[in-house]
Each structure stands twice: as structure tokens, then as C-alpha cells.
Amino acid sequence: MHSGEEMKTSSGERSLKAHLSERREVVDGALERFLPDASAPPRRLHEAMRYSVFSGGKRLRPILALTTFELAGGEGDAVLAPACATEFIHTYSLIHDDLPAMDDDDLRRGRPTCHKAFDEATAILAGDALLTLAFEVVAREGRLTPERRLSVVAELAAANGLAGMVGGQVADMEGEGTPAILEAVEFIHLRKTALPLRAAVLAGALAAGASPDDVTALGTFGEKIGLAFQIADDLLDVTGTEEEMGKAVGKDEGRGKLTYPAAAGVSGAAARARELTDEALAALDVFGDRAWALREIASFVVERRN
Ligand code: GRG
């Protein structure tokens, strides 16, 4: 892995670009190796999994995992399994979220959604296969101690299951058309987006055997930045264009979704995103300069345009 320090330049933006692109390349190579061959049977399922994994995602979650692994003193490639697991889970959630039974979207990252490019049954099964593959690759990573593998598996399962993303998605669907009360919005955002993002942050730290204090600090960072990330996403649905986002925009209001702009207005939502970013950055103080990349990623997350 990279030392991180050597890529630090006087321009934060330039160094972040290098940090992101170098790690994106490493992650893409590992995703390629972990995924089943497209020519092996069942071909159509493997093609659908690959179609959605390699469709231009930012790889934010695996890059966060790599970054916290390095920050916690981890060395070598053993973090790639936990990192790819976060991307497999993320991809599954997007495939299932796009289905007619959920958000019913035709476009994702500027391309037909998985069920449009293939068919609904294949999309459901591709999501299922990606979710289970995530846990398999971590469980089989022999370069991590069994204890570290278990801690990563438990964190990913808790953050993405009933008390996390799945629970948040249920609350999101049930909340459609109900008054946008701030507490209800944060309940959904925490579970649907922030806990899974926090789990990606923690996956790298746990794989490196970070101290309990460091895990707590990084957990706070991950949760705050996860909430800010979802508020930014809510805002982009209001202020972004279909071209920038690669998907339909303006859908939240039409569906009566519980979003931050609906609850607090556009400027209230933007102010809350800034406040959360500041809280996320404060949680990194204990790491001093070593956390420069996480600080840069935090700014990138809230200022992004897609
Ligand atoms: C299907 C159980 C289940 C849950 C779905 C994650 C989710 C819940 C729905 C997807 C839509 C949504 C609003 C997700 C919130 C998180 C979010 C903003 C995802 C987009 O993440 P990016 O920007 O995506 O990292 P890329 O395309 O870069 O990978």
C-alpha cells in the first residue's frame, strides 16, 4: 500500500486526485479478481454482476477502507477483501433499489439499470450474489487473523442489515408522503446511508487491528460524513442535472420522500451538511496530520456534483 504521506502536495486538490485515482485502480484490479469470470456459467448472472460493478462508480467506500487501513498502520493487500466487500454490498443495494418494486429507475450512472439491461429476476439474483460474495471474500482472507475477519463481517452485517441499511430502506418507503419531520429524516439517513458508510471506514481500521480509541474516533467520522453525504445527495436531487448525476433527478419531491431539503429547506440542509462535516473533521484531530487524506475525502463528499 501507499504511505500516503509521499503524495501530500501543497495543493490539497491535486494530492486528493492522486490518492483517489491510485486507490481506485488498485480496487478495480481486486474487484476484477474477486468476481467470477463472465464466460463461466451461469454467464448471464456473472455478466449482470460485472455490468453493475464496472459501471463508473466512484469507489468511495473501498477507498475509505484502504485509507483507514493505512492510517491505522496496516500494510500489504489483505485490506482489499474488506474494501471490495463494501463495494459489492453497495452495488447490490443500488441494483435492488432501482427495481420496479423499489425506486423503479431506468438509469444509473448514465446507463440502463441492471434490470433494464438484463431482466428483473437476473437483477435480483445478481444483487443477492454480490451481497453474499462480500461476506465470502472477507471470511476467506487468510492474511487477516480470524478475529479481524470476524470483526469486519460483524460490522458489515450489522450496518447493512435490519438495524442499518435494510431497516433504513423500509423506513424510507414507509415514510413516503408523510410529513418531513427532521427526526424522521435523520432516522432514515443514519440507517440507509451513514451506517453503511461508517462500516466502510471501520472495515479498513478493523482489518488493521486499530485500537479501540481509534475505532471510536473513526466511527464518529464515518457516521457524520455519512449523514453529510446523504444530505448532499438530497441536495443534488434538487439542484443537480440528469447529465451530472447520470440518473433521473427531482424524483424525491414528486414521491413525497423524507429528505433533508424537504424538512429544513435547501439552505438549512446545506448548513447541516457543513455542520456535520465540521464534526467529522473534529473527530480526526486525534490523528493529526496523518489523517490528511480522510479530511480531503470529507470535503470531496459534500462538495461533489454527482
Ligand atoms: C435495497 C436494502 C436496499 C437498500 C437500498 C443504498 C440504498 C438503500 C439506496 C440507493 C439510493 C440511495 C439514495 C442511496 C443512499 C446512498 C447513496 C447516495 C448512494 C450513491 O452512492 P455513490 O454516490 O454512488 O457513492 P456511486 O455511483 O459513485 O457508486
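This short talk walks through some helix packing, a cavity, a pocket and a few local details of the structure shown above.

Hi everyone, and thanks for coming. One thing to say before we start: this is a predicted model. Let's begin with helix H3, residues 60-71, and look at its neighbours.

One of those partners is helix H14, residues 292-303. How do H3 and H14 pack? Their axes lie 10 Å apart, at an angle of about 160 degrees. Angles over 145 degrees count as roughly antiparallel, and H3 and H14 are therefore roughly antiparallel to each other. The crossing in which H3 passes H14 is left-handed. If you'd like to find this contact on the screen, look on the H3 side for Leu60, Ile63, Leu64, Thr67, Thr68 and Leu71. Across from them, H14 brings Ala293, Leu294, Ile297 and Val301. In terms of residue class, that contact of H3 with H14 has 8 nonpolar and 2 polar residues, and no charged ones.

Now let's stay with H3 and turn to helix H4, which covers 80-98. Here the axes of H3 and H4 come within 8 Å, and they cross at roughly 160 degrees. So this pair, too, is roughly antiparallel. Which hand does the crossing of H3 and H4 have, left or right? That crossing is right-handed. From H3, the residues making this contact are Arg61, Pro62, Ala65 and Leu66. From H4, they are Leu80, Ala83, Thr86, Glu87 and His90. The contact of H3 with H4 divides into 5 nonpolar, 2 polar and 2 charged residues.

Next, let's go back to H14 and meet another of its partners, helix H10, which spans 212-239. The axes of H10 and H14 come within 8 Å and cross at roughly 20 degrees. That small angle is why H10 counts as roughly parallel to H14. H10 passes H14 in a left-handed crossing. On the H10 side you'll find Leu218, Phe221, Ile225, Ala228, Phe229 and Ala232. They meet Leu294, Ala298, Val301 and Val302 in H14. What classes of residue make up this contact of H10 with H14? There are 10 nonpolar residues, no polar ones and no charged ones. Leu294 and Val301 may sound familiar, and indeed H14 also uses them in its contact with H3.

Let's move from packing to empty space. Rolling a probe the size of a water molecule over the atoms shows where such space is left. How many cavities of 30 Å³ or more are there? The count comes to 1. The largest cavity has a volume of about 110 Å³. Its lining has 13 residues, and those nearest its centre are Ser52, Ser55, Arg108, Arg109 and Cys114. Helix H2 (43-53), H4 and strand S2 (111-112) each supply at least two residues of this lining. H4 gives the most, with 4 residues. By class, the lining of the largest cavity has 5 nonpolar, 4 polar and 4 charged residues.

There is also a pocket to look at, the second largest one, with a volume of about 230 Å³. Among the 13 residues lining it, Ala232, Leu235, Ala270, Val302 and Glu303 are closest to the centre. Which elements give two or more residues to this lining? They are H10, helix H13 (260-283) and H14. H13 provides the largest share, 5 residues. The lining of this pocket has 7 nonpolar, 2 polar and 4 charged residues. Two names here come back from earlier: Ala232 of H10 and Val302 of H14 also belong to the contact of those helices.

To finish, here are a few local details. The peptide bond from Pro41 to Pro42 is cis, with omega near -5 degrees. Pro42 sits in the loop between helix H1 (12-34) and H2. Another loop, the one between H2 and H3, holds Arg59. Arg59 has a positive phi of about 65 degrees, although it is not a glycine.

The last stop is Leu45, which is in H2. What does Leu45 touch, leaving aside its neighbours within four places in sequence? Its contacts are Thr122, Leu125, Ala126 and Ala129. Glu25 lies 20 residues from Leu45 along the chain, and their C-alpha atoms are separated by 24 Å.

That's the tour. Thank you for listening!

Methods:
Residues are numbered from 1 along each chain as its sequence is written. This is a predicted model: local features need pLDDT of at least 70, side-chain atom pairs count only at pLDDT 80 or more; totals for chains, interfaces and linings use all residues. Side-chain values use heavy atoms; hydrogens and water are left out. Axes are lines fitted to C-alpha atoms, for helices over the stretch in contact, and angles run from 0 to 180 degrees between N-to-C directions. Angles under 35 degrees count as roughly parallel, over 145 as roughly antiparallel, 65 to 115 as roughly perpendicular and the rest as oblique. A crossing is left-handed if the near helix is turned anticlockwise from the far one by less than a right angle, and right-handed if clockwise. Contact means heavy atoms within 4.5 Å. Ala, Val, Leu, Ile, Met, Phe, Trp, Tyr, Cys and Pro count as nonpolar, Asp, Glu, Lys and Arg as charged, and the others, Gly among them, as polar. On a 1 Å grid over the protein atoms alone, a cavity is a set of points where a 1.4 Å probe fits but cannot get out, and a pocket is an open set with protein on both sides within 12 Å along at least five of seven lines; lining residues have an atom within 4 Å of a point. Grid points are joined across faces, edges and corners, and a volume is the space filled by probe spheres set on the points.
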